[in-house]
Amino acid sequence: MSELKKNQKFSAEIIDLSASGNGIAKINGEAVFVPGTLPGEEIEGVVINCKSKFAIGKVQKITRESENRVAPKCKYFLKCGGCGLQHLNYKSQLEFKREQVERLLGGRVKVQDTFSAGEYFYRNKVAFPVSDAGEIGMYRTGTHTVVPLDDCVICKPFAKKLLAAGKEIIAGGAKIKHVLARELSGKILITLVTENEKNVDTKMAIKVLDNYFDDYQLNLNINTLGNNVILSDKFANIKGNGEIEHDALGVRVKVSNGSFFQVNEMVSEEIYRRVLQLIDNNSVAIDCYSGAGLLTAILSKRAKTCYGIEIVKSATADADKLKAENHIYNMKNINGDCKIELTKLATKLAKEKVNIVVDPPRKGLDKSVILTIASVKPVRVIYISCGPATLARDVAIFEENGYKLVSAQTFDMFPQTSHVETLAVLEPQSKTLPAKQKENAAKNKYFAFYDDVKIASDDEW
């Protein structure tokens, strides 16, 4: 148990940043995570939460500031839970993300500089919760308490108008749980989430929205689930057909507010562009975890044949629709478990030059999937990662099974937050690496805590 006590005051130097962007101090050998602080700063703080292996602190005074500190652009910084790095200058944010990945990969390769497409006004999708009292905004860090907002500087400019319109619609009597919107290709799709269609006077909502937006669509989502899931599968189109058409590297895709589509299309399309460049002409590409098929369709522009494997039936159906609408003839969508379907393809493609692309969720790849990928003997494994720690773990397993990491680059998909995307490339090696080269996050145990830290509850703030 920690020897630190709640409400204990302390003075300390911040020695590092955790991967979730919290300053790290050490007091009597114990790690204390302090949001809103930076390495090199000396602070006075108070302990607000004690865990078994670390504590969480709240800064009360910064007695020596970092030269990398800047004034946050957003007045809700550290209250709203949307982003946590606005106090760190942007150049340092990009280096922090690059260094974080290189550190977790144990120095296997020199991670290339973080690609960025801009530091603010990038999110093409927002989901603003509405409190029982009718306040619209974002949740306070670590809670379900709504912080009322009038703007969001990491969202595209439509968000400011959406917040204002949402307030008017709520003031007009609408009972809604969330206000969502997506803007792509200059078109906006707005979704009001409610428990009952009768809770929203749609004529009034359209009248309000007409004052703020020229080209928009509106639908309702009827959600009676009573849990933390924002959207149900029940939509009612009020204005428009509920879809936005968008061109992604020459593939026409229809996106709804219920679709998965990256919130920073400029960065995601740059990642896809670089993945496409890695695919050899006259080769076969297999896109694992292919979702609705966008990346599979993009890869089909270069590969002789491109297979997309996805376990969710509705996503595979969307991929088939995308294939048909774009008249793609060398794209084959497979609904099923990745390791099972890969095993089937291994025999079929035994004489082919195969590239395998994986874009798994944050938890990374199951070991059984890695073993199956290695058994297929691809000439290249292209790994798109949103979780640096699980990427490092999976790279170590690939190394045990005949593949080595040859390059890695970070991408700033979510500026002003601690999240980072990585494009890693693995190729066959002549022999497995020594076990000692599997070292990664264990070199810095405090840094490795980042995914487990719950900052504080509302009353602690």
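## Two helices side by side

Before we look at any helices, one definition: a helix axis here is a line fitted to C-alpha atoms over the stretch in contact, and angles run from 0 to 180 degrees between N-to-C directions. With that in hand, note that this is a predicted model, and let's start with a pair of helices. Helix α7 (residues 338-348) packs with helix α8 (residues 367-376) at an angle of about 10°, and their axes are 9 Å apart. Angles under 35 degrees count as roughly parallel, so α7 is roughly parallel to α8.

Which residues make the contact? On the α7 side they are C338, K339, L342, T343 and A346, and on the α8 side S368, V369, T372, I373 and V376. Sorted by class, the residues of this contact are six nonpolar, three polar and one charged. Look at the spacing of the numbers as you trace each helix: an α-helix has 3.6 residues a turn, so residues three or four places apart point the same way.

## What α8 hides

Now stay with α8 for a moment. Its buried residues are V369, I370, T372, I373, A374 and V376. What do they pack against? The buried residues of α8 pack against α7, β20, β21 (380-385), α9 and β22. Just after α8 comes K377, which takes a positive phi of about 60°.

## The eight-stranded sheet

Time for the strands. Eight of them form an open sheet, and if you walk across it you meet β7, β22, β23, β21, β20, β17, β18 and β19 in that order, with mixed pairing. Which strands stand at the edges? They are β7 (112-115) and β19 (331-335); each has a single partner strand, so one side of each is left without a neighbour in the sheet. On average, neighbouring strands of this sheet are turned by 20° against each other, direction ignored.

You can see both senses of pairing here. Strand β17 (residues 284-288) pairs with strand β20 (residues 354-358) in the parallel sense, over five bridges, and A285 stands opposite N355 in β20. By contrast, β21 and β23 run antiparallel, joined by five bridges, and β22 pairs with β23 in the antiparallel sense over eight bridges.

V425 in β23 is a good residue to click on. It is the bridge partner of I382, and it is also the bridge partner of S407. As for cover, β23 is mostly covered, with six of its eight residues buried. If you follow any strand by eye, remember that in a regular strand the side chains alternate between the two faces of the sheet.

## Helices on the sheet

Some helices lie against this sheet. Helix α1 (residues 90-104) packs on it, touching β7, β22 (403-411) and β23 (421-428), and the direction of α1 makes about 130° with that of β7. Our earlier helix α7 packs on the sheet too: α7 touches β17, β18 (305-310), β19 and β20, and its direction makes about 155° with that of β18.

α1 also has a helix partner. It packs with helix α9 (residues 388-400) at an angle of about 30°, their axes 9 Å apart, and the two are therefore roughly parallel to each other. The crossing of α1 and α9 is right-handed. Here Q100, V101 and L104 of α1 meet P388, A389 and A392 of α9. By class, that contact has five nonpolar residues, one polar and no charged ones.

## A buried glutamate

Back in α7, find E341. Is it buried or exposed? With a relative accessibility of 12%, E341 counts as buried, because the cut-off is under 20%. Leaving out residues up to four places away in sequence, E341 touches I309, I334, N335 and G336. E341 and E310 are 31 residues apart in sequence, yet 9.5 Å apart in space, C-alpha to C-alpha.

## Two loop residues with positive phi

Finally, two loop residues have a backbone twist to look for. F121 sits in the loop between β7 and β8 (125-129). Its phi is near 55°, a positive value in a residue other than glycine. F121 counts as partly exposed, at 36% relative accessibility.

N282 is found in the loop between α4 (265-278) and β17. N282 has a positive phi as well, about 65°, although it is not a glycine. How open is N282? It is exposed, with a relative accessible area of 57%.

Terms used. Residues numbered from 1 in each chain as written. Predicted model: local features only at pLDDT ≥ 70, side-chain atom pairs only at ≥ 80, totals over all residues. Heavy atoms only, no water. Helix = DSSP H or I, 4+ residues; strand = E, 2+ residues; numbered from the N terminus. Parallel < 35°, antiparallel > 145°, perpendicular 65-115°, else oblique. Contact = heavy atoms within 4.5 Å. Nonpolar A, V, L, I, M, F, W, Y, C, P; charged D, E, K, R; others polar. Pairing = 2+ DSSP bridges. Left-handed = near helix turned anticlockwise from the far one by under 90°. Buried < 20%, exposed > 50% of the residue type's maximum accessible area, 1.4 Å probe, protein only.
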